[in-house]
Protein chains: 2
Amino acid sequence: MTATQHPPLIAQPQSMHFEQPLRLQSGASIRDYTLAFETYGTLNAQRSNAVLVCHALNASHHVAGVYEGQANSEGWWDNMIGPGKPLDTNQFFVIGVNNLGSCFGSTGPMHVHPDTGRVYGADFPVVTVEDWVNAQALLLDRLGISQLAAVMGGSLGGMQALSWTLQHPERVKHAVVVASAPNLTAENIAFNEVARRAIVTDPDFHGGHFYQHNVVPKRGLRIARMVGHITYLSDDVMNEKFGRQLRDAVVGSATGYRYSTQDVEFQIESYLRYQGDKFSEYFDANTYLLITRALDYFDPAAGFGDNLSAAFARTRAKFLLVSFTTDWRFSPQRSREMVQALLDNQRDVSYAEIDAPHGHDAFLLDDSRYMNVVRSYFERVHQELDGGAA
Amino acid sequence: MTATQHPPLIAQPQSMHFEQPLRLQSGASIRDYTLAFETYGTLNAQRSNAVLVCHALNASHHVAGVYEGQANSEGWWDNMIGPGKPLDTNQFFVIGVNNLGSCFGSTGPMHVHPDTGRVYGADFPVVTVEDWVNAQALLLDRLGISQLAAVMGGSLGGMQALSWTLQHPERVKHAVVVASAPNLTAENIAFNEVARRAIVTDPDFHGGHFYQHNVVPKRGLRIARMVGHITYLSDDVMNEKFGRQLRDAVVGSATGYRYSTQDVEFQIESYLRYQGDKFSEYFDANTYLLITRALDYFDPAAGFGDNLSAAFARTRAKFLLVSFTTDWRFSPQRSREMVQALLDNQRDVSYAEIDAPHGHDAFLLDDSRYMNVVRSYFERVHQELDGGAA
């Protein structure tokens, strides 16, 4: 190995409690909440090298590193973030935050509502991308960070990064928006709605108050995850990985089929069932509803007559956008819309369209061109820190 | 109107009972079965002008015309088939057959198993495209039709048309295969599996024996239909029809949102829920499992080392294939594979790739180029009948 070897990055979960109510976009408020977060690297003396990393649907604040003594505990973006990695924690102070309403440590539907003393369940207020960004900003205040060197995210995380540049334009020097979109298409909302209906109509959902029944709407969560998984992959990569392979072909049969409508016949079925089962063991059903709704609702151009260029006029950051050719959930076309709207405002934009076969999932996978694009961009961000160049 | 006016075509449901057991591809048999069918037009003296029309997932033998005195009872392909229409019932004797295992009159899971005296339910044997074609052939025997002028179908119906040319090559002069594929991709199987899991895991499914519990697994059927609907449409047409329109925007709110995870917010949600509800009222859950499995299993090249050209060597028919540019469930690429495999065998093939925005659904919709292609093709089929040219 010629690459520099780094000791493993050890992650330490932290949390911050907030007693001041957070006013939400819906008009509701949430009070007495906690944000779970992690930080990696060191904040410099000027407090200028902080990078906030925002998570997507089923991820968390644990973006990088491993937990001491826990095997297979890598953060969800550990290939991207760490010592010597594209977002280099030797140079940047990286912060991961679990969003409000999620189920990995920040206050969410499975916690107790301070007004009622009962678990929130379906009564947890609807939170939006904008609300998450405001909560993240309050956390940064408490950490003494007035301006981010960069905010970064993929998919729904990319929407948060984008929203930072709109809600707090002076607090963000750079935004890295990967595999994202300025809003969801009807088809995307439709897939979210299928997932939500599967959960809500599961008899074990109990109107969102399943916790006190000691059940979990696992049937619904499984279906939701199966639908999700299909849309995160490309048709091509599914054909390459699974094709029409049978899981356990019947020997001596002309076709190998078992001729069953309920048993697993094809490998792809086995894979999806496994993913669904696994997900239903750890993910909260109300969180799934909340997070898919946040996706549906995000639409910064809506207040500007659907004119994205007008919406982006208040941005001040510089941008890197990345998309993947086979991503049909957040297609390159959606990234190009954002690039165009930023260029219309004479913003400094870099854009990379990566020819990758993996569909939307590509943003989480190793691809040397993708990694190099992000690495180069953060080298530039770092140079600007050092040199003070604008 | 300059077009010729024709009196409405009146359809008459018929049925044929078969006492001889039908041996199925799985090795099981089905006995004492009935096929529901309809015919339109007149069989000529030479019995040479018959056209069999095969149906897809949720359709039936009622392909054209209306039922006497019943408003809105048009057959599912009534825009294509009838007097003066592309498949002209003034020239052809058209036959629609409901497939075994379906729920519109032919023997299916909701009927009584003659061996046990109990409703089949989940014990209805798994049927394949090949089984359906064999049953259709027996019906044609009884109707005294030894050779079809043409067999025609779209989607799963196209698979049956194709299979006719492989199973009974001497009995088919022409095959019209619309929006179809030589097998399903992994992604297609995956969507079918999501639908099946939604049905099977609905507590009201009762292992497929819900009839005796006087319930219907409607939750599962709704989810299945919603998933199906999304995949039948193109992203573009969904954006055009629904976009991000709210069903009932809150007046005086900046966003118009109600901020609810369970209520309908967007028009697309309302549309999908409506389609799901409607479907769950009339479609049989076991039929849905059977028909999606028939789709999964169809793969005529599997017995030829996945070599489609080798599989097609035994065809004798002439072909018209049609695909639609925005159909991502049965994409043009899949039709081109079939065209190439037929050309490899020096077969007579016409192919039209129609630039239509509607996705897979396009095969059921009016599009003048599509209709004209089919019309021209059937004019040729008709001339061959008259002239006796090969």
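**A helix cap and a two-chain interface**

Student: Which residue caps the N-terminal end of α7(B)?
Tutor: Keep in mind that this is a predicted model. Look for a side-chain oxygen 3.1 Å from the backbone nitrogen of B:Asn286. The residue that supplies this oxygen, and so caps the N-terminal end of α7(B) under the 3.5 Å cut-off for a polar contact, is B:Asp284.

Student: How far apart are the end C-alpha atoms of helix α7 of chain B, and what span should its 13 residues have?
Tutor: The helix runs over residues 285-297, and 13 of its 13 residues are buried. Counting 1.5 Å a residue, the helix should span 18 Å. That agrees with the model, where the end C-alpha atoms are 19 Å apart.

Student: OK, on to the two chains. How much area do chain A and chain B bury between them?
Tutor: Start with the contacts: 58 residues of chain A meet 58 residues of chain B. Of the area they bury, 63% is on carbon and sulfur atoms. The total between the two chains is about 4900 Å².

Student: Which element gives the most residues to the side of chain A that touches chain B?
Tutor: Across this interface there are 30 residue pairs in polar contact. On the chain A side, the elements giving two or more residues are α3 (186-200), α4 (218-232), α5 (235-241), α6 (267-282) and α7 (285-297). By class, that side has 29 nonpolar, 14 polar and 15 charged residues. The top contributor, with 11 residues, is α3(A).

Student: How many salt bridges are there between chain A and chain B?
Tutor: One salt bridge to look at joins the side chains of B:Asp299 and A:Arg244, with N to O at 3.1 Å. Over all chains, the structure holds 42 salt bridges. Between chain A and chain B, the count is 8.

Student: B:Pro203 caught my eye. Is B:Pro203 buried or exposed, or partly exposed?
Tutor: B:Pro203 sits in the loop between α3 and α4 of chain B. Leaving out residues up to four places away in sequence, B:Pro203 touches A:Pro203, A:Arg219 and B:Arg219. Its relative accessible area is 32%, and buried needs under 20% while exposed needs over 50%, so B:Pro203 is partly exposed.

Student: How many residues apart along the chain are B:Asp115 and B:Arg31?
Tutor: These two form a salt bridge, with the closest N and O atoms 2.9 Å apart. B:Asp115 is in the loop between β10 (93-97) and α1 (129-142), and B:Arg31 is in the loop between β4 (29-30) and β5 (33-40). B:Asp115 is exposed at 55%, whereas B:Arg31 is partly exposed at 34%. The pair links distant parts of the chain, with a separation of 84 residues.

Student: Which residue of the salt bridge between B:Arg369 and B:Asp367 is buried?
Tutor: The closest N and O atoms of this pair are 2.9 Å apart. B:Arg369 has 42% relative accessibility, so B:Arg369 counts as partly exposed. The partner at 11%, which counts as buried, is B:Asp367.

Student: Last one: why are B:Glu384 and B:Arg380 separated by about one helical turn?
Tutor: The two form a salt bridge, with the closest N and O atoms 3.4 Å apart. B:Glu384 is buried at 8%, while B:Arg380 is partly exposed at 24%. An α-helix has 3.6 residues a turn, so residues three or four places apart point the same way. The reason for the one-turn separation is that both residues lie in helix α10, at a spacing of 4 residues.

Methods. Residues are numbered from 1 along each chain as its sequence is written. Chains are lettered from A and ligands numbered from 1 in the order in which they are written. This is a predicted model: local features need pLDDT of at least 70, side-chain atom pairs count only at pLDDT 80 or more; totals for chains, interfaces and linings use all residues. Side-chain values use heavy atoms; hydrogens and water are left out. Contact means heavy atoms within 4.5 Å. Buried area is the accessible area (1.4 Å probe) that two parts lose on being put together, summed over both. A salt bridge is a side-chain nitrogen of Lys or Arg within 4 Å of a carboxyl oxygen of Asp or Glu. A polar contact is a pair of N or O atoms within 3.5 Å; within protein, one must be able to donate a hydrogen and the other to accept it, and residues adjacent in sequence count only if both atoms are side-chain atoms. Ala, Val, Leu, Ile, Met, Phe, Trp, Tyr, Cys and Pro count as nonpolar, Asp, Glu, Lys and Arg as charged, and the others, Gly among them, as polar. The expected span of a helix is 1.5 Å times one less than its number of residues. Buried means under 20% relative accessible area, exposed over 50%, partly exposed in between (1.4 Å probe, protein chains only).
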